[in-house]
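Student: Could you take me through one part of this protein slowly, namely its nonpolar core? I would like to know what it is built from and what lies apart from it.

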Amino acid sequence: MSRERATALLVDFDGVLRRWDPAVAARVEREYGLTEGVLGEIAMSWGLLQPVLTGQVSHAQWMNSVAEALIPSVGDPARARAAVDEWQRYRGEVDPDVLAFVREVRAAGVRIGLGTNATDLLDADLAALGLTDELDVVVNSSVVGVHKPAKEYFEAACEALETPPARVLFLDDEDRAVAGARVAGLSAHRWTGAGDLRYLRAALAY
């Protein structure tokens, strides 16, 4: 039996709608004499990341923890804090191909949700990037209290979209999230770039 065509699109933020220039972090690390990649490595360590993605701590508290972890490398708390602040001033860039696609499908009547593991800074980031009015719903893990790829996260996302899982197409750049969405009953596609758009248009009912 063929699957129902999707009538709602759930799009990941980081790695899909928002992209990051790695040169920014690399420049900060060189300026402060840090090992290449250390800012992301510390920030993405699960012990620091999991609490902020589930709303147990704020984005500011998360970055305080990153700065504390940097102190042995830079030898000075104020300098560690300055490095983190400079790194965090950059809030990424919108992928123009994905945004154009979102606008296209939304104009055709497809509901659009942002499905992201994010912190309490998400709303400010969306505003700064001019995305607030581009989405019908925003499903932020730190608000939901559970993160992708948990089934409960996708259940909350479908509820927010007011669409049954079988009618939601999920787009993410991480295999684990795609697999989790499929377990929850959604259609899901792993984003690899603008070359995917032809398939995605065909998968949506418009």
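Tutor: What follows is a walk through the core, and then through a second core and two helices. Please keep in mind that this is a predicted model. The largest nonpolar core holds 27 residues, and within it Leu9 and Leu17 have the most contacts. Two or more residues are given to this core by each of β1 (8–11), α6 (96–107), β4 (111–116), α7 (122–128), β6 (168–172) and α11 (197–203), and the largest share, five residues, comes from α6. If we look closely at leucine 17 and leave aside its neighbours within four places in sequence, we find it in contact with Val11, Asp12, Glu93, Val94, Asp95, Val98, Leu99, Leu114 and Leu131. Apart from this core lies another one, of 21 residues, with Ile42, Leu49, Met63 and Leu70 among them.

Leu49 also leads us to helix α3 (residues 46–53), where Leu49, Pro51, Val52 and Leu53 are buried. The buried residues of α3 pack against α2 (38–43), α4 (59–74) and α8 (141–144), and just after this helix, glycine 55 takes a positive phi of about 80 degrees.

Helix α5 (residues 77–88) can be read in a similar way. Its twelve residues reach 17 Å from the first C-alpha to the last, which is close to the 16 Å expected at 1.5 Å a residue. In α5, the residues Ala80, Ala83, Val84, Glu86, Trp87 and Gln88 are buried, and the buried residues of α5 pack against α1 (22–31), α2 and α4.

Conventions: Residues numbered from 1 in each chain as written. Predicted model: local features only at pLDDT ≥ 70, side-chain atom pairs only at ≥ 80, totals over all residues. Heavy atoms only, no water. Core = buried A, V, L, I, M, F, W, Y, C linked by side-chain atoms within 4.5 Å. Buried < 20%, exposed > 50% of the residue type's maximum accessible area, 1.4 Å probe, protein only. Helix = DSSP H or I, 4+ residues; strand = E, 2+ residues; numbered from the N terminus. Contact = heavy atoms within 4.5 Å. Expected span 1.5 Å × (residues − 1).
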